[in-house]
Amino acid sequence: MMGPGWYLRRLSRMGPAEVLGRARHAVVQRQWRSTLPEPPDWPSHPRFTAALPDGVLGKVSGEAVEQLLVTADELMAGRAEYFGVVRDDMVAPDWFLDPKTGRRAPDDDYAFDVPYRSEDAVGDIKQIWEPSRHQHLTVLAAAYALTGADAYAERAAEHLRSWWAANPPLQGPHWVSGIELGIRLLSWVWTRRLLDGWAGVVELFDENPDFQLQLWHHQNWLATLRSHGSSANNHVIAEDAGLLASACAFGWFPESPRWRTEAMRSLDVQLGRNTFASGLNAELASEYHGLVLELGLAAAVEADVAGTPVPESTWDTLLRMTDALASIVDNRLRPPRQGDADDGFGLIVDGEETDRWASLLATGDALFGRLGWWPPVPGDDVRTPLLAALVLRTPRATGVVRPDRRPAQLRDAGMTILRSGRVWARCDGGPHGFLSIAAHAHADALSVEVRHDGVDILADPGTFCYHGEPQWRSYFRSTLGHNTLELGGRDQSVSGGPFLWTRHAVTKVLTVHTPDEGASRWSAAHDGYAPTAHRRTVELDGSELKIVDEVLRGAGTDFRLAFHFGPDVRVVLDGHRARLSWQRDGERRTASLVLPESVTWTAHRGEQDPPLGWYSPGFGRREPATTLVGAGTAASDETLTTLLGFES
C-alpha cells in the first residue's frame with residue numbers, strides 16, 4: 001500500500017478542480033457503500049439490433065480464421081497465458097485467483113475497500129483483472145460466428161453466467177477500476193454481436209435480468225466516476241469507449257440517450273487531449289497509442305451503427321493516429337518500445353498470432369484509405385472486415401490534411417525516426433510524459449532505439465511490471481535502464497511513485513536533418529541535471545550510426561553511459577570495442593561497436609541485485625540480455641563518441 005508521503009506527492013500534482021472532483025467521487029463511493037444505486041424498471045422485450053451485415057463473415061481470410069481457431073481451441077482446452085503465466089483452469093476459471101502468487105483477492109468486500117495495489121493482500125491485480133476484461137470471450141464468440149460450432153458459444157455463455165454470479169454490483173476487485181469496466185463492456189457488445197446466430201443468445205443477453213443488472217451498474221459507474229484531471233489518460237478513453245459502445249448497442253434504459261451523448265462528447269474531447277497534432281499519443285508510450293486507437297475506432301464505429309452522430313473531430317483524430325502509426329513503424333511493422341507497455345488491447349477478435357500493428361493499419365486502410373508512403377500491410381485479420389462492414393455508409397475524416405511523404409519527425413511529440421535501408425533508429429527528444437504525473441513515462445530523455453531489419457540492436461528494455469516489485473519497476477523506467485547517459489547516479493526526472501513523476505526533465509530538439517538522400521542527423525539536449533547539461537547528436541549515414549554525447553558544465557561529475565542490446569544479439573566486448581551478431585531469417589548478421597576510449601566499459605547480463613542486463617518482451621516477462629555500461633568522470637566539457645557499423 002502507498003504511504004502518507006505518496007499521497008502528499010500525488011496531491012501536489014493535482015489542481016483545485018481535480019481535488020474537488022475526487023472529493024465528490026469519495027462522497028459517492030461512501031453513499032454506495034450503504035445504499036446501492038437503484039436501477040430503473042427493466043426494459044420490456046429489449047432487442048439487440050446492431051448485428052453484423054449479411055455476408056461479412058465470408059470476407060474474413062482463411063488464414064485469419066485459422067489463426068483465430070488455434071487460440072480459441074486452446075481456450076476450449078482450458079489454457080490461456082496472461083503476462084507470461086499460463087493458466088490451465090480456463091474451463092471454469094476462478095475470477096479472483098492470481099496464479100502467479102497463488103493468492104486470491106477478497107470476493108465479498110466492498111469494491112472500494114479492496115487494497116488492489118497490495119500484492120501481499122490480493123496478489124498481482126493485473127493477473128486477476130485481465131481475464132475479467134472478457135476478451136477471451138470475444139475470441140470464442142468470433143470462433144462461433146466463423147464456424148457455427150455451438151461449443152464456442154456455450155463456453156462463452158458459461159463464463160458470462162459464472163462471472164455475473166460471482167461479481168454482484170460494487171463487490172470485489174472487478175468494480176474498482178473504470179478502465180476494467182469500460183473494456184469489459186466493449187467485450188460484451190462484441191460477444192453479443194458475434195453470438196447473434198446462436199439459439200441461446202437472447203436468453204443469455206436480451207432477456208436475462210442478471211445481464212441487465214450488470215449492464216446498468218457498469219454504465220452507471222462509468223457515467224458517475226469518470227476519470228479526470230491528472231488521471232485523464234488512456235483510462236478515461238476506455239471508460240468513455242465502453243460507456244458509449246454499450247449505451248449504443250444496448251440502449252435499453254431511460255438513461256441510455258444521455259449516456260450516449262455524454263460519452264460521445266467526452267470521448268471526442270479526451271481523444272483530442274490525449275493526441276498530439278502530429279497524431280502520436282500524448283502519453284508517449286507506444287503500446288498505449290495502439291490501445292487508444294483500438295478503443296476509439298471501436299467506439300466510433302458503434303456510435304455510427306446506432307445512428308449517434310460522431311463528430312468529425314473524432315474521426316480526424318483517429319485518422320491522424322493511424323497515419324502517425326504508419327509513419328513510425330519499422331520495416332517489419334513494429335512500432336517503437338517507448339514508455340510503459342502492459343499488453344493492453346481495446347478489442348480482440350483475432351488469434352494470438354495475428355500481428356496487432358498490421359491489423360490496426362489494415363483497419364485504417366479500410367476506413368480512411370492508405371497513403372502512397374505507407375508501408376505494405378497484409379490484410380489477414382478478422383477485425384478489419386468486421387469494423388469496415390459496420391461503417392460503410394458514413395463518410396469519415398474530412399478535416400485532416402494528410403502528409404504527402406512519410407514524416408521523419410513528429411515535432412510536437414519529440415520523436416524522430418532516422419532510416420537508411422534496413423536500419424531504423426528512434427531518437428527521443430520529446431516531453432517527459434503526459435499531464436502532471438506523467439504516469440506511463442520513463443526517464444529516457446535523449447535515448448536511442450536502433451533496429452536492423454526489425455531486430456532490436458540497441459533496445460529499449462521495456463516495462464516488465466507495475467505493482468508488487470518496486471525494485472524492478474524502478475529499474476525498467478530508470479535512466480540507466482535506457483540507451484542514454486546517467487549523471488551523478490540519479491535519474492533525469494524525479495520519481496514520486498510507480499506512476500508518478502514529481503519533476504520532469506525538459507528536452508529541446510536542436511537539429512533535425514532528414515534528406516531523401518545522404519546522411520540524416522538529429523541533435524537535442526535536456527535540463528534534467530541542471531546546471532549540467534547533456535547534449536546528444538545522432539547521425540545515420542548508410543549503414544553507420546554515430547552517437548556523440550556531450551556533458552556541458554559537468555566537471556567532476558560521475559556518469560554512466562548505457563547501451564542495451566536485444567535478446568537475440570550476441571555481444572563480445574574487448575576493451576572499447578564490441579562485436580555483435582544475431583540471426584535473421586536463418587542468416588547470420590553482424591555489426592561492430594566502437595565505444596569511447598576514455599571510459600571504462602563492463603558487460604552485464606541478467607544481474608538481479610541491483611537489476612541490470614534485462615529485456616522485457618511483454619508485460620510480466622523478462623529475459624537476460626546484454627547491457628554495456630561505460631563509467632567515468634566528466635571533464636569540464638566531456639565529449640563521448642560511439643560508432644555502430646552494420647556489416648551484413
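In this predicted model, Asp585 sits in the loop that links β17 (577-584) to β18 (587-594). The phi angle of Asp585 is near 55 degrees, a positive value in a residue that is not glycine. With a relative accessible area of 54%, Asp585 is exposed, because the cut-off for that class is over 50%. A second aspartate, Asp343, also carries a positive phi, here near 60 degrees, and is likewise a residue other than glycine. Asp343 lies in the loop between α14 (312-328) and α15 (356-368). Its relative accessible area is 18%, so Asp343 counts as buried, the limit being under 20%. As background for both residues, most residues other than glycine have a negative phi, and most peptide bonds are trans.

The peptide bonds offer two further points of interest. Ala530 and Pro531 are joined by a cis peptide bond with an omega of about 10 degrees. Pro531 belongs to the loop that runs between β12 (520-526) and β13 (533-541). Another cis bond leads from Asp609 to Pro610, and omega is near 0 degrees there. Pro610 is placed in the loop between β20 (607-608) and β21 (611-612).

Turning to the chain as a whole, the fold contains 17 helices and 25 strands. The radius of gyration is 25 Å, close to the 26 Å that the globule rule gives for 648 residues, so the chain is as compact as a globular protein of that length. Along the principal axes, the C-alpha atoms fill a box of roughly 80 × 55 × 45 Å. Of the 648 residues in the chain, 61% are buried. Among the contacts with a separation of 6 or more, 72% are between residues 24 or more positions apart. The chain exposes about 23,700 Å², and carbon and sulfur atoms supply 49% of that area.

For anyone planning to look at pockets, the second largest one has a volume of about 1,600 Å³. It is lined by 50 residues, and those closest to its centre are Arg22, Tyr116, Arg117, Val176 and Ser231. Two or more lining residues come from each of α1 (4-12), α2 (16-34), α5 (125-129), α8 (178-194), α11 (234-249) and α13 (286-306). The largest share of the lining, 7 residues, is given by α2. By residue class, the lining of this pocket holds 26 nonpolar, 12 polar and 12 charged residues.

One more residue deserves a closer look, namely Arg226, which is located in the loop between α10 (209-224) and α11. The relative accessible area of Arg226 is 17%, and Arg226 is therefore buried under the 20% limit. Apart from neighbours within four places in sequence, Arg226 is in contact with His25, Val236, Glu239, Asp240, Leu243, Glu262, Ala263 and Ser266. Arg226 and Arg477 are separated by 251 residues in sequence, and their C-alpha atoms lie 28 Å apart in space.

Note on methods. Residues numbered from 1 in each chain as written. Predicted model: local features only at pLDDT ≥ 70, side-chain atom pairs only at ≥ 80, totals over all residues. Heavy atoms only, no water. 1 Å grid on protein atoms, 1.4 Å probe; cavity = no way out; pocket = protein on both sides within 12 Å on 5 of 7 lines; lining within 4 Å. Points joined across faces, edges and corners; volume = space filled by probe spheres on them. Helix = DSSP H or I, 4+ residues; strand = E, 2+ residues; numbered from the N terminus. Nonpolar A, V, L, I, M, F, W, Y, C, P; charged D, E, K, R; others polar. Rg over C-alpha atoms; globule rule 2.2 N^0.38 Å. Buried < 20%, exposed > 50% of the residue type's maximum accessible area, 1.4 Å probe, protein only. Contact = heavy atoms within 4.5 Å. Areas by Shrake-Rupley, 256 points an atom, 1.4 Å probe, with all protein chains shown as cover.
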